[in-house]
Amino acid sequence: MNEPSVFTGAGYFFGIHAPGKTGLKNFLPAVHHTTLSIAAGAKMLRSILPTAHIGNTFSCSYIEPYSDKPRDVNAAKRADALINRLFIEPILGLGYPVADLPVLKGLEKYFQLGDEDNLHFDFDFIGVQNYTREIVKYSFFTPYIQATLVKAEKRNVPLTTMRWEVYAPSIYYMLKKFNAYPQIKKIYLTESGAAFPDTVVNGKVDDPKRVEYLQEYLNQVLKAKNEGYKVDGYFIWTLTDNFEWAEGYHPRFGLIYVDFKTQQRIIKSSGQWYADFLG
């Protein structure tokens, strides 16, 4: 199940994605049933295709505290547990990160006999999907986690169309973080990319910001590999401009521009650069 933290959080807590449900009473059972289904699906695949290379993909963001004050540091730790550890740790057999995010104790009411064992599966690989970092500070008024994100547009940093910070070291730090789990055998970067306001000029699409983004992020991947961290592949999001969930056709992530009215395709300068890079 692709990016479980995104579709459970956006669809069952914030209500901004389908099915539009909100609150902890919807979020917690969605988390538990999703984790169970990831493991159950993998076990079924293993029984049918014993030689298959089976994995699951997880979205992540590098989390940094707003300051070195203990309350900001602890808030960042809670946010990290929610964003980066919530699904991967039970699947690895470590259980939910309740110690660092006490609100997860509420998951206990949804447990049935045997669930602890049924959460776990020995995946052949995991897919890591990273775009940015988040700065987190303490917030008394934020229920359950007492933490809030400091929006990138308020931090005077370079942004994508999605208002995400362009911060290439995030992908290095996330590779380092997931490499710390000895249970993980292989790591593929299954999504990495950026949306920018692409325009067609004289039949061409020049997108130097995306080229720079890819160069910087790939350099961080190479840094991780040179330091001995597991990284077995890199995939760009995405080949063509596409429909981006609740954001629709507005954010363009593709290496290939799509005119959604005529369906004309134009290879962007980033696509040309990446083809040359791979060649």
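**Exercise 1.** Locate Leu49 among the secondary-structure elements, classify its exposure, and name the surface patch that it helps to form.

*Solution.* Step 1: Leu49 sits in the loop between α2 (24–48) and β1 (55–65). Helices (H or I, at least four residues) and strands (E, at least two) are DSSP runs, numbered from the N terminus. The model is predicted: local features need pLDDT of at least 70 and side-chain atom pairs pLDDT 80 or more, while totals for chains, interfaces and linings use all residues. Residues are numbered from 1 along each chain as its sequence is written, and side-chain values use heavy atoms, with hydrogens and water left out.

Step 2: Leu49 is partly exposed because its relative accessibility is 44%. The classes are buried, under 20% relative accessible area; exposed, over 50%; and partly exposed, in between (1.4 Å probe, protein chains only). Areas come from the Shrake-Rupley method, and for residues only the protein chains shown count as cover.

Step 3: Met44, Leu45, Ile48 and Leu49 make a nonpolar surface patch of about 400 Å². Such a patch takes residues with over 30% relative accessible area and no salt bridge, nonpolar side chains (Val, Leu, Ile, Met, Phe, Trp, Tyr) being joined within 5 Å and like charges within 9 Å.

**Exercise 2.** Describe the largest nonpolar core and state which element gives the most to it.

*Solution.* Step 1: The largest nonpolar core has 63 residues, and Ile126, Phe178, Leu189, Tyr213 and Tyr234 have the most contacts inside it. A core is a set of buried Ala, Val, Leu, Ile, Met, Phe, Trp, Tyr and Cys residues joined through side-chain atoms within 4.5 Å.

Step 2: Elements that each supply at least two residues of this core include β2 (125–138), α6 (169–179), β4 (187–191) and α7 (208–226). The most comes from α2, with eight residues.

**Exercise 3.** Check the length of α7 and find what its buried residues pack against.

*Solution.* Step 1: The expected span is 1.5 Å times one less than the number of residues. For the 19 residues of α7 this should be 27 Å, and the end C-alpha atoms are 27 Å apart, so the two agree.

Step 2: Buried residues of α7 include Arg210, Tyr213 and Tyr217. The buried residues of this helix pack against β2, α6, β4, β5 (233–234) and α8.

Step 3: Beyond four places in sequence, Tyr213 touches Asn130, Tyr131, Val166, Ser192, Gly193, Ala194 and Phe196, contact meaning heavy atoms within 4.5 Å.

Step 4: Gly228 follows α7 and has a positive phi, near 95 degrees.

**Exercise 4.** Classify the partners in the salt bridges of Lys185, Glu165 and Asp207 as buried or partly exposed.

*Solution.* Step 1: The structure holds 14 salt bridges, each a side-chain nitrogen of Lys or Arg within 4 Å of a carboxyl oxygen of Asp or Glu.

Step 2: Lys185 pairs with Asp122 at 3.1 Å, N to O. The two are 63 residues apart. Lys185 is partly exposed because its relative accessible area is 41%; for Asp122, also partly exposed, the value is 40%.

Step 3: Glu165 and Arg155 have their closest N and O atoms 2.9 Å apart, and both are buried.

Step 4: Asp207 and Arg210 pair at 2.5 Å between the closest N and O atoms, and both are buried. Salt bridges with shared partners join Asp198, Asp207, Arg210, Asp241, Arg252 and Lys268 into one network.

Methods: Accessible areas come from the Shrake-Rupley method with a 1.4 Å probe; for residues, only the protein chains shown count as cover.
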